Amino acid sequence: MAKKSIKIRAKVKGEVTTVKCLMSHPMETGRRKNKKTGKLIPAHFIQDVVAKHNDADVLTAEWSGGVSKNPYMAFKFTGGSKGDTVTISWTDNKGNSDSASAKIK
């Protein structure tokens with residue numbers, strides 16, 4: 001995917017940091033048919049998602065084709081401070097990947 005596919009925001013309140021991100025991805029299950037040809041659309045979905053806070057893993061997820069198109073993900077963790085970096089990265093079943101970072105506000 002050529003353009004950035006992840007929009008990310010991170011905000012700290014007290015000791016809890018809330019991260020929200022939107023990932024642009026088709027998330028095809030491999031079971032849907034093309035309406036014009038009648039052939040199955042090949043599976044194409046995000047498999048692995050990793051969230052890091054200052055290079056330390058705070059979340060790892062394994063997804064499949066059951067996740068909706070353009071998935072939204074939100075989570076919370078403790079230990080973040082204003083100005084720290086949060087990075088979200090994903091890899092899909094075709095070997096594509098992307099990542100994005102944001103400073104905690």
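Strands, as counted here, are DSSP runs of type E with at least two residues, and helices are runs of H or I with at least four, both numbered from the N terminus. By that count, the protein chain of this predicted model has zero helices and seven strands, and its pattern along the sequence reads β-β-β-β-β-β-β. Along its principal axes, the C-alpha trace of the protein chain spans about 55 × 20 × 20 Å.

**The three-strand sheet**

- Strands 1, 2 and 5 form an open sheet in the order 1-2-5, in which the pairing is antiparallel.
- The edges of this sheet are strand 1, covering residues 6–13, and strand 5, covering residues 72–78, each of which pairs on one side only.
- On average, and with direction ignored, neighbouring strands of this sheet are turned by 15° against each other.
- Strand 1 and strand 2, the latter made of residues 16–23, are joined in the antiparallel sense over eight bridges, and Ala10 stands opposite Val19 of strand 2.

**The four-strand sheet**

- Another open sheet is built from four strands in the order 4-3-6-7, again with antiparallel pairing.
- Its edge strands are strand 4 and strand 7, the latter spanning residues 97–103, and each pairs on one side only.
- Neighbouring strands of this four-strand sheet are turned by 15° against each other on average, when direction is ignored.

**The hairpin of strands 3 and 4**

- Strand 3, residues 46–53, pairs with strand 4, residues 56–62, in the antiparallel sense over six bridges.
- Two of the residues that can be followed across this pairing are Val50, whose bridge partner in strand 4 is Thr60, and Lys52, whose bridge partner in strand 4 is Asp57.
- The two strands form a hairpin with two residues between them, and Asn54, which lies in the turn, has a positive phi of about 50°.

**Surface charge**

- A patch of positive charge on the surface gathers Lys7, Arg9, Lys11, Lys13, Lys20, Lys76, Lys82 and Lys105.
- Strand 1 supplies the largest share of this positive patch, namely four residues, while Lys20, another member of the patch, lies in strand 2.
- As general background to the strand contribution, the side chains of a regular strand alternate between the two faces of the sheet.

Notes: Residues numbered from 1 in each chain as written. Predicted model: local features only at pLDDT ≥ 70, side-chain atom pairs only at ≥ 80, totals over all residues. Heavy atoms only, no water. Pairing = 2+ DSSP bridges. Axes fitted to C-alpha atoms, helices over the stretch in contact; angles between N-to-C directions. Patch = residues over 30% accessible without salt bridge, like charges linked within 9 Å, V, L, I, M, F, W, Y side chains within 5 Å. Areas by Shrake-Rupley, 256 points an atom, 1.4 Å probe, with all protein chains shown as cover. Salt bridge = Lys/Arg side-chain N within 4 Å of Asp/Glu carboxyl O. Lys, Arg positive; Asp, Glu negative; His and termini not counted. Charge placed at Lys NZ, Arg CZ, Asp CG, Glu CD.
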